[in-house]
Amino acid sequence: MRLISQDGMIDVNYDNGSLVVGFGEYKDCAKAIISYYDHSSQRGTKLAEYSSKDKALRVMEMLREEYLY
């Protein structure tokens, strides 16, 4: 399965890496991101940014469900 970043600039193969949700606050604004980690690299690539952890986790669940089928 292929994944494309929110801005359409990054296209990755879901089978060759892992997705990670990261979250935190910066200047009183909560942010959550989904990053892709390739098995051959220790640096992640940001694929998407959300205004809350719950939104990012919902997207991760949707990706898991889609990947199963």
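**A friendly note on this predicted model**

1. Let's begin with Phe23, which sits in strand β3. Please keep in mind throughout that the model you are looking at is predicted. Is Phe23 buried or exposed? Its relative accessible area is 53%, and exposed means over 50%, so Phe23 counts as exposed.

2. Which residues does Phe23 touch, once those up to four places away in sequence are set aside? They are Lys31, Ala32 and Lys53. Take a moment to find Lys53 in the sequence: Phe23 and Lys53 are 30 residues apart there, yet their C-alpha atoms lie 6.2 Å apart in space.

3. Now follow β3, which covers residues 17-26, as far as Tyr26. Tyr26 has a relative accessibility of 58% and is therefore exposed, given the cut-off of over 50%. For a distance to try in your viewer, go from the C-alpha atom of Tyr26 to that of Leu3: the two residues are 23 positions apart along the chain, and the separation in space is 27 Å.

4. Next comes Ser5, in the loop that joins β1 (2-4) and β2 (11-13). Is Ser5 buried or exposed? With a relative accessible area of 6%, Ser5 falls under the 20% limit, so it is buried.

5. What surrounds Ser5? Leaving out residues up to four places away in sequence, Ser5 touches Ile10 and Leu47. In addition, the Ser5 side chain comes to 3.3 Å from the backbone nitrogen of Met9.

6. Let's step back to the whole protein. How many helices and strands are there? You should be able to pick out one helix and five strands, and reading along the sequence gives the order β-β-β-β-β-α. The radius of gyration is 12 Å, close to the 11 Å from the globule rule for 69 residues, so the protein is as compact as a globular protein of that length. Along the principal axes, the C-alpha trace spans about 35 × 25 × 20 Å.

7. How much of the protein is buried? Of the 69 residues, 23% are buried, and Ser5 is one of these buried residues. The exposed surface comes to about 5300 Å², with carbon and sulfur atoms supplying 51% of it.

8. Two last values are worth noting. Among contacts with a separation of 6 or more, 29% are between residues 24 or more positions apart. As for charge, the protein has 9 positive and 11 negative charges, and the mean positions of these two groups are 6 Å apart.

Definitions and conventions. Residues numbered from 1 in each chain as written. Predicted model: local features only at pLDDT ≥ 70, side-chain atom pairs only at ≥ 80, totals over all residues. Heavy atoms only, no water. Helix = DSSP H or I, 4+ residues; strand = E, 2+ residues; numbered from the N terminus. Buried < 20%, exposed > 50% of the residue type's maximum accessible area, 1.4 Å probe, protein only. Polar contact = N/O pair within 3.5 Å; in protein donor to acceptor, adjacent residues only side chain to side chain. Contact = heavy atoms within 4.5 Å. Rg over C-alpha atoms; globule rule 2.2 N^0.38 Å. Areas by Shrake-Rupley, 256 points an atom, 1.4 Å probe, with all protein chains shown as cover. Lys, Arg positive; Asp, Glu negative; His and termini not counted. Charge placed at Lys NZ, Arg CZ, Asp CG, Glu CD.
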